[in-house]
Structures are given as C-alpha cells and as structure tokens.
Amino acid sequence: MTALNSIESVRNAAVKAVAETTITDLHTHIFPPSHENLLLWDINELLTYHYLVAELFTMAPAEITYQAFWKMSKTQQADLVWENVFLKHGPLSEACRGVMTVISKLGLQDELAKRDLGAIRKWFAAQKVEDYVQKVFDIAGLDYAIMTNDPFVPLEATQWTEDKPGHPLMKTALRIDKLIVNWPHAVEIMRSYGYDVQVLDDSSYSEARRFLKHWAEKLKPEYMAASLPPDFEYPKDDAMGRAMQNIVLPVAEELNLPLAMMIGVRNRATVNPALGDAGDAVGVANVEAVQNLCRENPNIKFLVTMLSRVNQHELTVLGRKFRNLHLFGCWWYCNNPSIIDEMTRQRFELLGTAFTANHSDARVLDQLIYKWTHTRKIVGGVLADKYADQFIAGWRVTEDEIKRDARHILGGSFEAFMKK
Ligand SMILES: [Zn+2]
C-alpha cells in the first residue's frame with residue numbers, strides 16, 4: 001500500500017481507523033445473561049446509575065432525602081433523575097450525554113428529541129436480553145469484554161459453583177479486593193467455604209492462597225484485579241501490605257496470572273455513606289507503590305490505572321521504566337472527554353503505542369455503547385494530531401500502518417503484553 005501524501009489524508013485515515021477498529025474492553029462489570037439478575041441493562045438502569053444518582057442530589061429539592069430515594073422503586077428513581085437532572089436543568093454532564101448517546105445509537109433519536117421517556121421504556125421492554133447483548137457489542141464494536149468476577153460476593157460465586165454458562169463475548173477476571181483491603185470480611189467469606197483462615201499469619205496465608213488458586217482454576221481468569229485506596233503502599237507492614245506480599249503476589253507468580261491494580265478510590269464509608277454506590281470519591285495515591293511492586297517482582301505482570309488526574313503524569317513516566325507494567329484506561333472520574341484527551345496525548349508522547357487508551361468500566365450493559373462512541377471520537381482526534389505532527393516532521397505512513405496503531409492502543413497492545 002502506498003503512503004498517504006497529505007496531512008489531510010493522514011488525519012482522515014487516523015479518525016477512520018479509530019472509528020472502525022475492533023476494540024477489546026479490558027475491564028467491565030457486565031455479566032452473562034445466565035447469571036440471574038446480575039446483568040444490569042435498560043433505560044431505568046441507565047438513569048439510576050450511580051453517576052446520575054450523585055448528580056440528582058446536587059440538583060434535587062431538599063425534600064427528596066437519601067432515605068426516601070433508596071426506598072423507591074427503580075422506575076420511580078429513574079423518573080426522579082429524568083425530571084430533575086434532564087428536564088429541569090441543562091443535562092450537560094458526561095453521564096447525561098452518555099444516556100443520550102445510548103438512546104440515539106439504538107435508533108430512538110425521535111423519542112429522545114421528543115423527550116418521550118414512556119416510548120423509550122416501551123422499546124426496551126420489547127428487547128430479549130440474549131439478542132440485546134449481541135446488539136450492544138455490535139454497536140460498540142467490541143471483540144470481547146473482560147468481566148469482574150468476585151468470589152467474595154456470594155451471589156456471584158454461586159453462579160460459578162452451579163456451573164451456569166458464561167458468554168462467548170465475555171472473559172473472566174478474578175476480583176480480590178477484599179483480601180487486601182478488608183481482611184476480616186475476606187476471612188468470613190473464606191471460612192464459609194471451609195478454608196481455615198484467621199489472623200494474618202503463615203497458616204492463613206497458605207489457606208488464602210489455596211482459595212485463590214481454587215478460584216483461578218474455576219474461572220480461568222485473564223488476570224486478578226483489585227481496586228485500592230489512595231493510602232495503599234508497598235512494601236508496608238500493614239494488613240494490605242501483608243496480604244499483597246504473602247497471598248496475592250505468590251499466586252500471581254506461581255500461576256503466571258497478571259495483577260490489575262486500580263488505585264485511588266476514597267471509600268464511601270469515609271466520604272458519604274448515605275449515597276451508596278455513588279458515595280466513593282478520589283484521592284491522590286502513591287505511585288511509588290507501583291514502582292516498588294514492578295521492580296521487586298519482575299516475573300509478575302502489572303496492569304495499572306489510577307483514579308486521580310494528579311497521578312497520571314508520574315504513572316505514565318513509570319510506564320517507560322518497567323517491561324512488566326502496562327497502563328490502561330481513563331478510569332471513572334478520569335473517563336471524561338477533557339481528561340481522556342489529555343491522558344491520551346500524554347501517553348502517546350511518553351509511551352508511543354504501548355498502552356491501552358481506555359476501558360469502559362461499564363456496569364450497565366448499554367453503557368458500552370456510549371463509552372466507546374465517545375472514546376473513539378476523542379482518541380481518533382488525538383491520533384490524527386499525532387500523525388499530522390509526524391507528517392510535518394517528514395514521516396510518511398500507509399493507511400494499514402495507521403489501522404495497526406489504532407488497534408494497538410485499543411486492545412492489541414494489551415494482548416501483546418499478556419502474551420509476553
Ligand atoms: Zn471497575
């Protein structure tokens with residue numbers, strides 16, 4: 001294939017390549033339809049997603065209390081969000097735009113333009129979930145998504161112990177937060193399965209490793225994953241540090257199972273417990289913990305994303321230093337256009353294509369549509385700028401090379417890292 005011969009053609013090719021590439025979504029919270037009601041989907045779930053619940057309480061009149069809200073039915077909650085967040089003010093937040101993009105991409109532009117929530121609900125009620133999963137994946141343009149599978153949540157664990165079928169578009173990840181951040185709770189769960197764990201000592205370490213290995217065997221996960229607070233440090237002689245050093249890292253090394261760390265969540269218990277899932281906030285974390293883990297464990301692969309914008313530059317520099325470190329995603333409060341744009345530019349400038357530009361973190365199936373529609377637009381624009389700069393510097397590329405790079409930053413680089 002011949003090289004593109006103008007800035008304009010290079011720019012267009014970059015935008016097109018990102019718009020059309022197949023994406024691997026490496027971290028989500030969706031479930032197979034066979035797993036009881038764990039899979040969330042439809043307009044009511046979209047409207048009551050915790051991003052929008054938080055926004056509701058910034059706008060709703062004082063007589064709507066947290067307690068009253070949580071007692072309402074899902075439909076009543078959704079009505080309240082629609083009325084207060086969408087109709088009474090300009091719905092300008094990214095979470096609001098996300099709902100709009102989902103509805104439009106499903107072909108309901110007229111219903112949206114008329115603000116006809118009843119008609120939109122009627123359309124969703126007519127969908128069959130199995131077909132709808134495929135439709136959403138097709139619109140989002142994904143080859144597969146990786147779930148979050150937590151054996152410390154009894155309802156989730158039951159699906160696997162009862163051998164409920166998975167889904168061809170969904171791969172597994174073994175979530176292990178509780179072992180690290182809430183040992184007493186982890187003990188309770190492991191004991192209920194018959195594991196002899198108690199205080200953090202050698203015999204409990206060995207039992208907890210046996211527990212993890214059992215679940216790794218059962219789930220065949222792509223990686224283990226933990227969401228960690230801003231005060232996570234390593235090495236450190238506290239509960240988090242001990243569990244990491246004596247349980248998680250040895251299992252990761254023995255099974256050659258990468259460890260994904262999402263660092264920087266300030267827990268709702270210390271922020272605003274009354275908001276439920278919407279109560280978590282962000283804190284600036286210590287990037288040195290990642291540095292120490294990568295240096296001391298060259299045989300373990302680490303997938304890392306951080307929640308605070310403040311941490312991004314330092315983390316991106318660290319991404320240059322370790323072959324066993326792969327940066328991914330613009331997580332949660334970073335998954336906003338202005339920050340995705342900034343982070344993607346920074347990562348290209350420091351890492352070339354050796355990163356994964358985003359993950360959806362979709363908790364409601366339908367969110368896959370908007371997360372990837374919005375991300376494709378931003379990342380396409382950034383890639384166009386980068387290739388335009390290269391063109392000015394004298395480099396000439398083909399359309400195939402641009403396609404290769406678009407795929408690389410949206411799944412290919414992750415897969416290459418996992419195979420290393
Ligand atoms: Zn997540």
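Which residues does Ile 369 touch, not counting those up to four places away in sequence? In this predicted model, the list runs to Thr 101, Val 102, Lys 105, Val 136, Ile 139 and Ala 140. Ile 369 itself sits in helix H18. With 26 other C-beta atoms within 10 Å, Ile 369 is buried, because 20 or more is enough to earn that label. Lys 135 makes a nice example of how the chain folds back: Lys 135 and Ile 369 are 234 residues apart in sequence, yet their C-alpha atoms are 9.8 Å apart in space.

Some of those partners belong to a helix pairing. Helix H9 (residues 129-140) and H18 have axes that come within 8 Å and cross at roughly 5°. Angles under 35 degrees count as roughly parallel, so H9 and H18 are roughly parallel. On the H9 side, the contact is made by Val 136, Ile 139 and Ala 140; on the H18 side, by Leu 368, Ile 369 and Trp 372. Sorted by type, the residues of this contact come out as 6 nonpolar, no polar and no charged.

H18 has another partner in helix H17 (residues 337-351). Here the helices pack at an angle of about 40°, with their axes 10 Å apart. H17 and H18 are therefore oblique to each other. Their crossing is right-handed. H17 brings Pro 337, Ile 340, Asp 341, Thr 344, Arg 345 and Phe 348 to the meeting, while H18 brings His 374, Thr 375, Ile 378, Val 379, Val 382 and Lys 386. This time the contact is a mix, with 6 nonpolar, 3 polar and 3 charged residues. A bit of helix geometry helps when reading lists like these. An α-helix has 3.6 residues a turn, so residues three or four places apart point the same way.

What about the nonpolar core? The largest one holds 119 residues, and Met 224 and Val 248 touch the most other members. Helix H18 (residues 367-392) turns up again here, since the largest share of this core, 11 residues, comes from that helix. Val 248 gives a feel for the crowd inside. Leaving aside neighbours within four places in sequence, Val 248 is in contact with Ile 176, Leu 179, Ile 180, Met 224, Ala 243 and Leu 259.

One more helix pair is worth a look. Helix H15 (residues 287-296) and helix H16 (residues 312-319) pack with their axes 10 Å apart, at an angle of about 15°. That angle makes H15 roughly parallel to H16. H15 passes H16 in a right-handed crossing. Val 287, Val 290 and Gln 291 in H15 meet Glu 314, Leu 315 and Leu 318 in H16. The tally for this contact is 4 nonpolar, 1 polar and 1 charged.

Back towards the start of the chain, helix H3 (residues 50-59) has a set of buried residues: Tyr 51, Leu 52, Val 53, Glu 55 and Leu 56. Note that Glu 55 is on that list. The cover over these buried residues includes helix H2 (43-47), helix H5 (74-87) and helix H6 (94-105). In the loop between H2 and H3 lies Thr 48. Thr 48 is buried too, with 23 other C-beta atoms within 10 Å. Its C-alpha atom is separated by 5.4 Å from that of Ala 78, although these residues are 30 apart along the chain. Beyond four places in sequence, Thr 48 touches Val 53, Lys 74, Gln 77, Ala 78 and Val 81.

Finally, a few backbone oddities. Asp 42 is not a glycine, but its phi is positive, near 105°. Asp 42 is placed in the loop between strand E1 (23-25) and H2. Arg 115 also has a positive phi, about 55°, without being a glycine. Its home is the loop between helix H7 (109-113) and helix H8 (117-125). Are these residues buried or exposed? Asp 42 counts as buried, because it has 20 C-beta neighbours inside 10 Å. Arg 115 has 11 such neighbours and so counts as exposed. The last oddity is a cis peptide bond between Tyr 234 and Pro 235, with omega at about -5°. Pro 235 is in the loop between strand E5 (224-228) and helix H14 (239-255).

Technical notes:
Residues are numbered from 1 along each chain as its sequence is written. This is a predicted model: local features need pLDDT of at least 70, side-chain atom pairs count only at pLDDT 80 or more; totals for chains, interfaces and linings use all residues. A nonpolar core is a set of buried Ala, Val, Leu, Ile, Met, Phe, Trp, Tyr and Cys residues joined through C-beta atoms within 7 Å. A residue is buried if 20 or more other C-beta atoms lie within 10 Å of its own, exposed if 12 or fewer, and partly exposed in between; C-beta atoms are placed from the backbone. Helices (H or I, at least four residues) and strands (E, at least two) are DSSP runs, numbered from the N terminus. Two residues are in contact if their C-beta atoms, placed from the backbone, lie within 7 Å. Axes are lines fitted to C-alpha atoms, for helices over the stretch in contact, and angles run from 0 to 180 degrees between N-to-C directions. Angles under 35 degrees count as roughly parallel, over 145 as roughly antiparallel, 65 to 115 as roughly perpendicular and the rest as oblique. A crossing is left-handed if the near helix is turned anticlockwise from the far one by less than a right angle, and right-handed if clockwise. Ala, Val, Leu, Ile, Met, Phe, Trp, Tyr, Cys and Pro count as nonpolar, Asp, Glu, Lys and Arg as charged, and the others, Gly among them, as polar.
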